[in-house]
Amino acid sequence: MSGILKKIPTPVKMTVAILTPVIATVIALYLFGIQLKNTGNIYPNISVAGIDVSGLTREDAMRSLGLFAYEERSSAAKVSIAFPDDTKLVITGNDAGLQHNAYSVVSEAYLIGRGRGVFADTISFLLRHNADEVTFDIDFILNTTELKNKVTGFTDSYNNKLDSSDPVIYEDRIVFTKGAGHVNADGNEIYMLAHNGLLESLNTGNPVEISFSLPETNKISLDIMDAREKVLVEMVSSVYDLDSNSATECEIGIDFDAVEAARLLSNTESGKTAELPFVFTHPEYSQEHLESLLFRDLIAERRTYAQGTLNRLGNINLAASAIDGVVILSGEEFSFNKIVGPRTYERGYREAPAFNQGEIVSATGGGICQVSSTIYAAIRPSELKVTERRAHGLPVAYLPSGWDATVVWNFTDFRFVNNTDYPIRVDVELDGRNVTARIYGTIKDDFPRKADWND
């Protein structure tokens with residue numbers, strides 16, 4: 001054997017001596033590269049999110065990064081946006097499709113130095129030991145479409161509610177929403193608040209709360225005046241109605257202080273509410289109260305005895321019936337002739353004795369002066385104001401001198417004014433031969449003074 005070696009030329013021996021370790025090295029590198037490829041470890045000097053993942057498989061690297069913690073942080077991220085009316089838009093990481101890119105980042109870290117063949121990858125692995133560290137960060141990604149849909153749905157609903165927020169009228173107050181119909185929430189602004197708030201929550205690990213403010217508006221006066229038109233109720237006091245012979249219904253006045261409303265709204269944030277109590281104006285007389293006062297008191301009364309023929313009694317009865325129950329409103333005047341009307345045969349009046357220029361004559365309607373005189377005699381001692389009255393030319397048998405009141409159609413009338421604050425009613429009746437006049441009204445603070453009915 002040694003003989004054979006002696007016959008090999010020296011240059012060949014030198015070449016073999018040189019190539020043998022090279023080949024051995026190449027083979028060793030190849031085998032190492034195959035082993036390196038099969039193990040699937042990340043090359044040296046590589047970190048992800050501040051954690052050294054060198055020499056770790058991708059699965060081990062994911063475990064070292066605490067993947068579960070990242071997913072938990074994604075789910076726990078939450079932003080709450082409070083609106084002026086105290087409603088809230090709450091969005092979680094799940095709502096926004098919040099996801100991390102840890103898987104792709106680890107895969108990217110694994111690919112550093114790989115992909116150029118076994119030898120090149122092996123060399124890269126060896127060089128990585130002395131190379132600068134390669135660092136990767138893990139990012140979180142929002143699904144912008146899902147987030148926008150969430151924000152848009154809430155914002156549209158809020159704006160619709162705000163637009164239709166007319167002043168709310170309660171029994172005792174009115175509640176305004178400042179800016180209703182004039183301002184709206186900006187969906188893009190709210191989207192950015194939600195986006196940034198979620199990322200802040202993700203970074204801090206705590207929920208984020210944000211207060212959202214609407215743009216300010218100066219359109220206040222028009223809202224107040226429109227609301228006042230809806231609220232305003234004019235106060236109406238009950239009065240006596242001649243047609244229905246009863247007291248009318250009353251209305252309690254309702255209003256609010258428009259100046260105070262403007263001040264409140266000026267100092268109120270857009271979207272918030274301000275409430276103002278109503279001012280109630282109660283009428284002087286309610287229907288029930290006025291009904292209790294109407295014709296409550298007997299102001300005056302007088303009874304006279306009617307002598308004479310049946311025609312005279314018939315005339316007295318016609319005149320008494322025409323007057324009986326007549327109501328004279330406050331400030332109005334009673335007119336005997338206007339109420340009784342012409343004394344004609346066609347209207348039922350008959351011939352009976354009557355005074356005419358100091359003589360007793362027969363006249364159609366004779367005797368009706370006893371009705372006017374009885375009424376006058378009743379009110380004479382009271383404070384009702386007589387505006388026209390004339391005595392007969394001769395004394396009358398049924399009243400003392402100076403207590404009578406003659407009437408002649410279209411010539412002489414008996415009139416008096418209701419100078420009280422309430423309606424009065426004149427009741428006159430013929431009962432047998434007794435003529436009775438009663439005046440009903442309301443005595444208040446001793447006015448009118450009740451009549452003295454003594455002769």
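This passage walks through a handful of local features of the structure. The model is a predicted one, and the features below are taken in turn, from the surface to the interior and then to the backbone.

A good place to begin is the surface. Five acidic residues, Glu284, Glu383, Asp421, Asp445 and Asp446, gather there in a patch of negative charge. Among them, Asp421 sits in the loop that links strand S22 (415-417) to strand S23 (424-431). With a relative accessible area of 64%, Asp421 is exposed, because the cut-off for that class is over 50%.

Another acidic residue, Glu301, has a different setting: its place is in strand S16, which spans residues 297-305. Is Glu301 buried or exposed? Its relative accessibility is 17%, so Glu301 counts as buried, the limit being under 20%. The side chain of Glu301 also has a partner, since a polar contact of 2.8 Å joins it to the side chain of Arg438.

The backbone offers some further points of interest. The peptide bond that runs from Phe447 to Pro448 is cis, and its omega is near -5 degrees. Pro448 itself is found in the segment that follows strand S24 (434-441).

Two asparagines deserve a look for their backbone angles. Asn45 has a phi near 60 degrees, a positive value in a residue other than glycine. For Asn410, phi is likewise positive and near 60 degrees, and this residue is not glycine either. Where do these residues lie along the chain? Asn45 belongs to the loop between helix H2 (10-39) and strand S1 (46-48), while Asn410 is in the loop between strand S21 (385-388) and S22. As for their surroundings, Asn45 is partly exposed, at a relative accessible area of 25%, whereas Asn410 is exposed, at 67%.

Moving on to strand S1, one meets Ile46, which has its place in that strand. How is Ile46 classed, buried or exposed? The relative accessible area of Ile46 is 0%, and the residue is therefore buried, given that the class covers values under 20%. Ile46 can also be viewed together with Ala131: these residues are 85 apart along the chain, and their C-alpha atoms are separated by 9.8 Å.

Definitions and conventions: Residues are numbered from 1 along each chain as its sequence is written. This is a predicted model: local features need pLDDT of at least 70, side-chain atom pairs count only at pLDDT 80 or more; totals for chains, interfaces and linings use all residues. Side-chain values use heavy atoms; hydrogens and water are left out. Patches are made of residues with over 30% relative accessible area and no salt bridge: like charges are joined within 9 Å, nonpolar side chains (Val, Leu, Ile, Met, Phe, Trp, Tyr) within 5 Å. Accessible areas come from the Shrake-Rupley method with a 1.4 Å probe; for residues, only the protein chains shown count as cover. A salt bridge is a side-chain nitrogen of Lys or Arg within 4 Å of a carboxyl oxygen of Asp or Glu. Lys and Arg count as positive and Asp and Glu as negative; His and the chain ends are not counted. The place of a charge is taken as NZ of Lys, CZ of Arg, CG of Asp or CD of Glu. Helices (H or I, at least four residues) and strands (E, at least two) are DSSP runs, numbered from the N terminus. Buried means under 20% relative accessible area, exposed over 50%, partly exposed in between (1.4 Å probe, protein chains only). A polar contact is a pair of N or O atoms within 3.5 Å; within protein, one must be able to donate a hydrogen and the other to accept it, and residues adjacent in sequence count only if both atoms are side-chain atoms.
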